[in-house]
Amino acid sequence: MKFPHFLTTPTGGVTRASAPAAEGQIIPTDAGSVLAIALNVGAEILRAGGEIHRVEDTVTRICHAYGAEIVDVFAITSLITAEVRMPD
């Protein structure tokens with residue numbers, strides 16, 4: 001799966017780049033799909049030896065980039081749990 005392109009704004013926020021999505025590319029908008037992508041990335045960071053705060057930050061940024069309004073992430077070396085609320 002290819003991820004859409006995102007840019008970090010000067011204030012630290014994340015915004016979608018102006019490049020159009022590739023033909024046939026599906027951009028998830030439901031909480032389950034967004035969480036699956038974000039948690040898979042977080043798990044890979046942990047497997048690679050990344051710090052806990054980087055896992056939490058990355059999962060949070062991915063969820064916000066896909067449009068989540070509220071994101072709460074807690075991670076330890078053997079667990080990542082997250083709550084996401086998408087706009088209605």
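These legends walk through a few close-up views of a predicted model. Local features need pLDDT of at least 70 and side-chain atom pairs count only at pLDDT 80 or more, while totals for chains, interfaces and linings use all residues. Residues are numbered from 1 along each chain as its sequence is written, and side-chain values use heavy atoms, with hydrogens and water left out.

**View 1. The whole protein, element by element.** Here you can pick out 2 helices and 4 strands. Helices (H or I, at least four residues) and strands (E, at least two) are DSSP runs, numbered from the N terminus. Starting at that end, the order is β-β-α-α-β-β. Of the 88 residues, 25% are buried; that word means under 20% relative accessible area, with exposed being over 50% and partly exposed in between (1.4 Å probe, protein chains only).

**View 2. Inside the largest nonpolar core.** A nonpolar core is a set of buried Ala, Val, Leu, Ile, Met, Phe, Trp, Tyr and Cys residues joined through side-chain atoms within 4.5 Å. This one has 17 residues, and V55, V59, C63, A68, V71, I80 and V84 touch the most other members. Helix 1 (31-47), helix 2 (52-65), strand 3 (70-76) and strand 4 (79-85) each chip in at least two residues. Helix 1 gives the largest share, 5 residues.

**View 3. Zooming in on V59.** Contact means heavy atoms within 4.5 Å. Leaving aside residues up to four places away in sequence, V59 touches A38, L39, G42 and V73.

**View 4. I45 and its partners.** I45 sits in helix 1. Not counting residues up to four places away in sequence, I45 touches G50, V55 and T58. I45 and V55 are 10 residues apart along the chain, and their C-alpha atoms are separated by 6.3 Å.

**View 5. The hairpin of strands 3 and 4.** Two strands pair if DSSP finds at least two bridges between them. Strand 3 and strand 4 run antiparallel, joined by 7 bridges, and they form a hairpin with 2 residues between them. Look for F74 in strand 3: opposite F74 stands T81 in strand 4.

**View 6. F74 at the surface.** F74 counts as partly exposed because its relative accessibility is 45%. Together, F74, I76 and L79 make a nonpolar surface patch of about 260 Å². Such patches are made of residues with over 30% relative accessible area and no salt bridge (a side-chain nitrogen of Lys or Arg within 4 Å of a carboxyl oxygen of Asp or Glu), with nonpolar side chains (Val, Leu, Ile, Met, Phe, Trp, Tyr) joined within 5 Å and like charges within 9 Å. Accessible areas come from the Shrake-Rupley method with a 1.4 Å probe; for residues, only the protein chains shown count as cover.
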